[in-house]
Amino acid sequence: MTLNIAMWSGPRNISTAMMRSFENRDDTCVIDEPFYGYYLKQTGADHPLAEQVIASQPTRWQDVSAQLISNKTQPICYQKLMTHHMLDDIDLQWCKQLRHCFLIRDPKQVIHSYLQKMPSVCDDDIGIIKQWRLYQQLADITKQRMPIIDSNDILKAPKTMLQKLCEQLDIHFDEKMLNWPKGKRDSDGVWASHWYKNVENSTGFSRYSYSDTSLPNELGAMLERNNDYYQQMYEKRIKI
């Protein structure tokens with residue numbers, strides 16, 4: 001039986017680096033943002049390469065979920081899932097068959113990074129409020145103890161944090177998770193050309209560095225609103 005691990009993240013996190021980390025294990029395959037095509041078709045969101053994304057994936061959530069809970073050729077399947085792709089019409093009962101964990105990031109960093117790639121940003125774009133709601137829903141549905149990890153903690157102490165995450169997922173830690181070959185992957189979504197440049201040039205997790213980024217004044221209320229939800233998850237995170 002395949003252990004299907006669902007890692008729930010918002011955009012502009014280290015979610016693709018985490019996918020690289022798990023894919024470098026000998027026992028693990030990965031799935032990259034499988035609900036993206038469904039999300040774009042349902043919302044009509046104006047995203048780069050939208051037509052190509054829609055053409056590359058199933059666009060019915062029922063078909064996507066069936067793929068995620070199936071047995072794979074590898075013992076472990078790491079699934080990079082974006083919280084903002086999960087629209088309200090999705091019935092989450094199938095999630096009982098996955099092992100869930102959550103990757104969080106400071107909203108100020110998320111918003112600042114998002115605006116480097118997109119012309120505007122709103123709550124639904126960054127999925128932090130949705131992440132908290134999914135955490136509550138999945139805790140109720142699955143009764144699992146779901147690990148939460150913060151991206152800055154991983155960058156500060158990648159080995160320690162990955163060891164702790166693997167322990168909570170009941171899998172062994174593999175040193176191969178700390179580094180990976182530079183370049184593209186066949187497993188990357190077709191959107192990689194727009195979003196994955198930094199990861200494609202990486203061979204491991206970036207060194208943590210703090211920068212006090214500033215946001216436009218009009219985003220102050222959005223930052224405060226999202227920070228309230230982020231802090232609730234941050235308090236539950238695995239600590240270094």
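Which residues form one aromatic cluster? Phe35, Tyr38 and Trp94 do.

This is a predicted model, where local features need pLDDT of at least 70 and side-chain atom pairs count only at pLDDT 80 or more, while totals for chains, interfaces and linings use all residues. Residues are numbered from 1 along each chain as its sequence is written, and side-chain values use heavy atoms, leaving out hydrogens and water.

**View 1. The aromatic cluster of Phe35, Tyr38 and Trp94.** Rings of Phe, Tyr and Trp (its six-membered ring) pair here if their centres lie within 6.5 Å; planes under 30 degrees apart are stacked, over 60 edge-to-face and the rest tilted. That rule gives 8 aromatic pairs.

**View 2. Tyrosine 36 meets tryptophan 191 edge-to-face.** Their centres sit 5.0 Å apart, with 70 degrees between the planes. Tyrosine 36 belongs to helix α2 (residues 36–43), and tryptophan 191 to the loop between α9 (158–169) and α10 (192–195), so-called DSSP runs (helices: H or I, at least four residues; strands: E, at least two), numbered from the N terminus. The two are 155 residues apart in the chain. Both tyrosine 36 and tryptophan 191 are buried (under 20% relative accessible area, with exposed over 50% and partly exposed in between; 1.4 Å probe, protein chains only).

**View 3. Phenylalanine 102 and tyrosine 135, another edge-to-face pair.** Here it's 5.3 Å centre to centre and 80 degrees between the planes. The pair links strand β4 (residues 99–104), home of phenylalanine 102, to helix α7 (residues 128–142), which holds tyrosine 135, 33 residues apart. Both phenylalanine 102 and tyrosine 135 are buried, as are 54% of the 240 residues in the chain.
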